[in-house]
Amino acid sequence: QVQLVESGGGLVQTGGSLRLSCTASGGTFSRLNMGWFRQAPGLEREFVAGISWSGGSAYYADSVKGRFTISRDNAKNTVYLQMSSLKPEDTAVYYCAAQLSGFTTYNYWGQGTQVTVSS
């Protein structure tokens, strides 16, 4: 069983930056593909970014491409989401997720961290 704990959320002004962290325990982190999702009030949860187990491949939603960067440190069992040029529409609860090898869906989820971008 993999446990995921996010941190780094908060309140930031439009144009500002935040870095989210997600630390995993209870599994072999270096074998997990990792992702970040977000859910704004009244909307469905949406994919933000994903990174392969090795860190060699990264994927982004069009809405964040060029502004957000996902990275990982397998020695620290941690995945990061560096968010820059933040917009009010980025306001949401951000969730970290882990995907086991061979699966097409994410198997484990964190509890979420709130990001609020003020205009």
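Which residue forms a salt bridge with R38, the closest N and O atoms being 2.9 Å apart? The tour below reaches that pair at its second stop. The structure on display is a predicted model, and residues are numbered from 1 along the sequence as written.

**The whole chain**

Begin with the entire chain in a cartoon view. The secondary structure amounts to 11 strands and 0 helices, and the pattern along the sequence is β-β-β-β-β-β-β-β-β-β-β. With a radius of gyration of 13 Å, close to the 14 Å that the globule rule gives for 119 residues, the chain is as compact as a globular protein of that length. The C-alpha trace spans about 40 × 25 × 25 Å along its principal axes. Of the 119 residues, 44% are buried. Among contacts between residues at least 6 apart in sequence, 54% join residues at least 24 apart.

**R38 and its salt bridges**

Next, select R38, D90 and E46 and display their side chains. The partner asked about at the start is D90: its salt bridge with R38 brings the closest N and O atoms to 2.9 Å. D90 lies in the loop between β8 (78–83) and β9 (92–99), while R38 belongs to strand β4, so the pair ties together parts that are 52 residues apart in sequence. Both D90 and R38 are buried, and the relative accessible area of R38 is 6%.

E46 also forms a salt bridge with R38, and here the closest N and O atoms are 2.6 Å apart. E46 is partly exposed, at a relative accessible area of 35%. Add R67 to the selection: salt bridges that share partners join R38, E46, R67 and D90 into one network.

The structure holds 4 salt bridges. One of them lies between K65 and D62, with the closest N and O atoms 3.1 Å apart. Select this pair separately; D62 is exposed, with a relative accessible area of 66%.

**The aromatic rings**

Now hide the charged residues and select F37 and F47. A search of the whole structure finds 4 aromatic pairs. F37 and F47 make up one such pair, edge-to-face, with 5.6 Å from centre to centre and 75 degrees between the planes. F37 lies in strand β4 (residues 33–39) and F47 in strand β5 (residues 46–51), so this pair ties together parts that are 10 residues apart in sequence.

Are F37 and F47 buried or exposed, or something in between? F37 is buried, with a relative accessible area of 11%, whereas F47 counts as partly exposed at 30%. Extend the selection to Y106 and W109, which form one aromatic cluster with F37 and F47.

**Charges over rings**

Two further selections show an arginine placed over an aromatic ring. For one, choose R72 and F29: the charged end of R72 sits over the ring of F29, 4.4 Å from its centre. For the other, choose R45 and Y95: R45 lies over the face of Y95, at 5.9 Å from the ring centre.

**T113 and its surroundings**

Select T113, which is found in strand β11 (residues 113–118). T113 counts as buried, at 10% relative accessibility. Its side chain reaches the backbone nitrogen of G9 at 3.3 Å.

Which residues are in contact with T113, leaving aside its neighbours within four places in sequence? They are E6, S7, G8, G9, L20, A92, V93 and Y94. Displaying these residues as sticks shows the surroundings of T113.

**Two loop residues with positive phi**

The last stop concerns the backbone. Most residues other than glycine have a negative phi. Select N77, where phi is near 55 degrees, a positive value in a residue other than glycine. N77 is found in the loop between β7 (68–73) and β8, and N77 is partly exposed, with a relative accessible area of 27%.

Then move to S85, in the loop between β8 and β9. Phi of S85 is near 50 degrees, again a positive value in a residue other than glycine. S85 counts as partly exposed, at 42% relative accessibility. The loop that holds S85 is also the place of D90, so a return to the salt bridge between D90 and R38 closes the tour.

Note on methods:
This is a predicted model: local features need pLDDT of at least 70, side-chain atom pairs count only at pLDDT 80 or more; totals for chains, interfaces and linings use all residues. Side-chain values use heavy atoms; hydrogens and water are left out. Rings of Phe, Tyr and Trp (its six-membered ring) pair if their centres lie within 6.5 Å; planes under 30 degrees apart count as stacked, over 60 as edge-to-face and the rest as tilted. Helices (H or I, at least four residues) and strands (E, at least two) are DSSP runs, numbered from the N terminus. Buried means under 20% relative accessible area, exposed over 50%, partly exposed in between (1.4 Å probe, protein chains only). A charge sits over a ring if NZ of Lys or CZ of Arg is within 6 Å of the ring centre and within 35 degrees of the ring normal. A polar contact is a pair of N or O atoms within 3.5 Å; within protein, one must be able to donate a hydrogen and the other to accept it, and residues adjacent in sequence count only if both atoms are side-chain atoms. Contact means heavy atoms within 4.5 Å. The radius of gyration is taken over C-alpha atoms; the globule rule is 2.2 Å times the number of residues to the power 0.38.
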